[in-house]
Amino acid sequence: MAIKVLVIDDSDMVRHFHSNILKSSGFEADGAIDGMDALEKAVQTNYALMLCDLNMPRMDGITFIKEYRKTGKETPIIIITTQEELENRKKGYESGANLYITKPVKPDDLILNIKMLLGIS
Amino acid sequence: MTQIDMEKFRMEFLEEAADLLESANESILKAESDGNTELFNAVFRNIHTIKGSAGGFGFDNMSEFSHHLESLLDKLRNGDITIDADITDLLLKGVDILFEMIEYAREKREYDRDLTDIITLFGAANNMKKDAPVKAAEKAPAAGLTQTTEDVAQLLKQHDPGFGKAYHIKMNFTDDMLENGYDPRTLLANLEDISEYYLAVTSVSMPELSSLEPYKLYLHPEIYIISDASVEEISDLAFDPDLMTVTEISLEQKKAEETQQPAIVSDEEFTEEELDVEKVDTAGIQYEMLAELASGIEDYFESIENFLIEIEKTGEGTKDAVDNIFRVFHNIKGDCGYVGFTFLEKYAHLVENMLDKVRSGAIVFDRKAAEFILNVISDVKALVKALLNKATPELPKTYKQLQNLQESMLTLEEKVPTVTGDIKIFLSQVDQFFEIIGLAKADGNNSGMLKRAAMGFSNAAKFIGFTDLMEMAQRFANKAGSGADFATELAEIENYIKILKSPAKKLGELLVESGKVTVKEIEAAKAQQKKIGEILVDQGKLEQRDLEIALKKQVIMKATGAAADSDSVSLASALTKEEQEEKGDSSKEKYSQSMKVDQEKIDKFTNTIGELVVAKNAYEYMMQRLIREFDLPTSLIKDFKDNSNLISRISQDLQRDIMSLRMVPIKQIFNKFPRVVRDIARKQSKQIDLRIIGEDTEIDKKIADILSDPLVHLVRNSCDHGIEPPEDRARASKLEEGHLILKAYNEGSFVYIEVIDDGRGIDPKKILAKAIQKGLASEDAVLTDNEIIQFILAPGFSTAEQVTDISGRGVGMDVVKSSITSVGGTIDVQSSVGDGSRVVMKIPVTIGMSTSLLVRMQPNEHYAFPIENVAETIKVAKEQVKDLHFGNGIYYRGNVLPLVHLSKLLGDREKDLADEVNIVITVTDEGKTGIIVDELLNRMDIAIKPVPEYFAHLNYIGGVTILGDGQAVLVLNVNKLL
């Protein structure tokens with residue numbers, strides 16, 4: 001069974017890209033347009049991993065991760081953003097993210113990061 | 001009032017601008033005819049001035065238009081674009097338009113001509129890559145792919161480096177992507193990086209700056225590249241394969257070549273021998289630039305030969321050495337492309353490829369590789385030399401070897417998957433997990449974060465295959481999960497990663513470290529001379545799985561050097577990174593900035609300063625006359641003297657500076673000797689250890705050039721005739737390895753260079769016999785051994801039992817001697833049979849400028865003694881001069897000092913002594929001698945000019961100089977005088 005990944009980003013383009021990359025490596029990908037949307041979808045479906053943007057309308061990435069972790073679920077979350085600041089990274093870890101990747105990231109690297117975090121080869 | 005003034009300035013500006021344009025016009029035409037890009041600097045400045053001022057006077061159109069011209073000129077002066085007829089036309093047209101604008105402005109008319117067309121042309125030219133003709137760009141606006149394909153194909157063919165494939169790349173970037181941080185420029189730069197040739201065709205439709213939207217993509221280039229990367233590798237450059245459409249395109253020319261070659265091989269008429277003398281393709285080489293290329297290549301090679309010889313000796317190439325060698329071949333590749341030498345470009349590319357494999361750790365740079373590169377260097381040198389002689393060189397053997405190597409490496413690569421990608425990610429994740437743990441600790445051991453980090457370690461370890469790390473992570477998770485103290489477990493993980501990041505270790509060490517095997521078992525395995533891992537697995541000492549982990553660790557350690565360079569930012573690595581940067585800086589400092597200056601220019605400068613010294617002396621002379629002949633007020637005389645001193649000081653500074661400019665470390669000539677010695681040693685199967693001492697000693701560049709060949713000769717002599725074969729040395733109970741020392745040091749205004757060997761030495765008996773046979777010495781002459789040995793410096797002397805191709809036919813030593821004496825130096829040979837020889841050369845540090853002692857003879861005849869030869873000057877009473885039976889002499893500091901009258905030395909009759917005798921005590925190689933002169937004048941700095949031809953036969957004249965009052969003075973060569 002294919003591994004399901006949720007791509008959370010308000011940009012259609014980024015969602016499309018990341019989904020494409022994931023699909024080409026044999027993952028299954030869903031999209032969520034912001035934190036609110038993601039929270040709904042993550043409760044309904046059991047995802048193996050989530051890719052999460054930081055700046056989004058309605059609910060941003062940090063808030064989403066905090067809210068999500070409150071449900072007690074430990075699904076690995078990778079923050080993927082253009083913000084390189086250390087401060088943001090700290091916030092990310094503290095909210096409950098597992099990994100922090102700065103855009104742009106090569107497709108190969110993204111897939112490797114995901115596989116490594118999931119411990120699958 | 002102000003109105004009128006402004007008008008005046010405007011008119012003045014217009015006139016000035018017209019002048020500037022006039023000179024710009026001239027420069028542009030000149031630049032086109034002789035290709036001198038320097039000129040564009042001047043034109044650029046002209047136009048820049050107009051642009052700047054025009055705006056201020058309200059000529060906005062002029063300012064705006066100048067900007068287009070300026071941008072193009074900027075590219076030209078930077079060499080981004082090369083000048084051709086089309087560009088010249090465009091530039092001239094631009095200047096014409098500016099002229100027109102000035103004309104309109106003078107007549108106070110509004111400039112109303114439509115400039116859109118020409119501005120478009122400027123835009124197109126500006127966006128052009130180097131070498132791309134204007135036409136392609138001119139057509140580009142609105143032109144589809146179909147229209148440009150022909151031009152593009154033409155260009156690609158022209159720039160086909162002979163390897164790699166041609167691709168067409170269509171970019172599918174949208175504005176949305178730019179907004180999200182995906183700037184296509186990175187991708188474009190990466191594309192250019194991997195390409196041998198890169199061509200971007202783009203339509204130019206940029207809006208005005210004010211209406212430019214920052215996140216809008218205006219240029220949608222079609223890219224054409226030639227690269228040896230595959231379609232997949234190119235696609236991988238983009239983070240999403242959808243971003244680019246990469247299609248391979250064929251170059252007809254290339255195809256034809258490829259189909260032709262197998263045909264030749266299969267053709268039976270070509271025997272193998274004929275194939276062996278395959279010639280190098282010399283088409284397209286710009287011969288007029290070859291000499292420059294050759295000297296560049298020579299310099300490059302010299303800079304790395306020592307690295308190679310070092311590697312050959314130690315059998316190990318440091319990263320620094322390999323990087324340097326890589327850089328050299330990379331530079332050669334670039335230079336060759338510039339000169340149109342496609343073959344050597346290809347050749348250097350192959351070497352570069354091989355070295356790249358070394359750098360990535362895929363192959364090891366060992367003794368053999370060093371020897372191979374040395375062979376390549378010889379081949380390349382021969383190749384260039386043949387070309388300089390307008391011959392068509394043969395295809396070097398090393399070239400074919402490289403081709404074969406390339407192929408075998410490609411197949412090897414397919415077998416061994418690279419793991420660097422994984423490792424980079426692995427290390428960056430691990431760093432993040434440490435960060436998370438750090439934060440968790442600060443947050444009162446936040447269990448959620450600790451768990452996440454532990455899981456991260458565990459899964460990453462699982463992915464990479466480190467079961468031992470996985471277990472550690474598990475233990476850490478257990479402790480942390482139960483709220484217990486996890487310091488030990490964390491330290492264990494930290495240690496594990498630290499070892500991974502440390503430099504590569506031998507497999508055996510890693511296995512011992514992991515506790516899987518003992519040192520003894522490793523030793524035993526080593527003794528069997530097989531791969532350690534295999535043996536241990538065979539013997540059941542080690543599980544295959546443990547071996548794989550250890551092997552993987554080894555790979556990571558080798559790769560961490562590369563991974564550390566990657567730009568992943570992490571808290572943990574921030575510190576180590578800083579350290580690395582510091583290291584980088586200090587290594588940069590080692591290379592002093594330098595620029596190449598034509599030696600002729602320096603010579604000219606030296607001469608000018610020489611003239612300044614003469615003029616300064618004239619000034620002093622005139623000042624003395626003024627003071628003497630006119631009754632000047634004391635204050636004025638003082639001012640005069642002060643000023644004269646100032647000029648003196650400045651000219652001395654200038655003199656010193658120009659001299660230091662001319663100085664080069666003797667390293668420049670010593671550098672080639674490791675190679676020379678190595679080649680001879682190899683050829684004659686001798687073992688020679690070369691030591692170079694004092695290579696930083698500085699010497700005049702001109703002298704260094706003159707010394708280079710004689711030194712090669714001396715070193716060759718020592719290796720060839722001096723140092724014996726190992727068997728002979730062993731028999732003479734010497735070390736089998738011979739020693740050769742090349743030593744340089746300063747003493748006074750001289751540089752001493754010594755060539756010392758511990759070879760068989762020179763046998764005086766043999767030399768004497770030969771000297772008598774050659775008629776150089778009479779049979780009954782009583783000579784010391786040292787005197788006899790000096791005969792080898794005589795013309796036409798050779799004692800070598802057989803002539804070898806290394807040290808030639810014995811015409812050398814006298815040539816060596818005359819080279820040394822031509823720069824005012826001396827040479828001395830010392831030798832002792834069985835112990836070796838020592839050649840000492842004493843060479844003036846510089847030529848051209850010297851301090852001299854001026855003396856007067858007759859009523860008005862002046863001579864100068866170089867100050868190096870003057871020990872002291874004394875005045876004695878006539879009575880003190882004693883008549884010794886072979887001449888005059890005085891009692892001087894407890895010794896008898898022979899005296900000679902200068903007029904006698906100069907071939908005049910001997911004059912009677914005056915009551916007071918002026919003596920210059922000179923020092924020469926022969927010892928001290930007193931020379932009687934009529935009057936001792938002052939000592940002064942003089943610029944020595946070479947001896948005029950009609951004096952050339954008088955060897956006691958070292959040069960000529962001109963005094964302040966215009967009188968010519970002969971500078972005496974005291975060594976020859978006596």
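**Chain contact, cores and a helix in a predicted model**

Modeller: In this predicted model, the contact draws 32 residues from chain A and 30 residues from chain B.

Biologist: Which elements of chain A supply at least two residues each to the side that touches chain B?

Modeller: They are helix 1 (12-24), helix 4 (86-95), strand 5 (99-102) and helix 5 (107-118) of chain A. Helix 5 of chain A gives the most, with nine residues.

Biologist: And how do the residues on that side of chain A divide into nonpolar, polar and charged?

Modeller: There are 15 nonpolar, eight polar and nine charged residues on the side of chain A that touches chain B.

Biologist: Turning to the interior, which residues have the most contacts inside the largest nonpolar core?

Modeller: Met50(A), Cys52(A) and Ile78(A) do, in a core of 67 residues. Beyond its neighbours within four places in sequence, Cys52(A) is in contact with several residues, including Ile8(A), Phe64(A) and Ile79(A). A second, separate core has 41 residues, among them Ile669(B) and Val829(B).

Biologist: Now helix 9 of chain B: which of its residues are buried?

Modeller: In helix 9 (residues 184-194) of chain B, the buried residues are Pro184(B), Leu187(B) and Leu191(B). These lie on the same side of helix 9 of chain B because they cover an arc of only 60° around the axis.

Biologist: What do those buried residues of helix 9 pack against?

Modeller: They pack against strand 1 (165-171), strand 2 (195-201) and strand 3 (222-227) of chain B.

Biologist: Which exposed residues does the face turned away from the buried side carry?

Modeller: That face of helix 9 of chain B carries Arg185(B), Ala189(B) and Asp193(B).

Methods: Residues numbered from 1 in each chain as written. Chains lettered and ligands numbered in written order. Predicted model: local features only at pLDDT ≥ 70, side-chain atom pairs only at ≥ 80, totals over all residues. Core = buried A, V, L, I, M, F, W, Y, C linked by C-beta atoms within 7 Å. Buried ≥ 20, exposed ≤ 12 C-beta atoms within 10 Å, placed from the backbone. Contact = placed C-beta atoms within 7 Å. Helix = DSSP H or I, 4+ residues; strand = E, 2+ residues; numbered from the N terminus. Nonpolar A, V, L, I, M, F, W, Y, C, P; charged D, E, K, R; others polar. Arc of directions from axis to C-beta.
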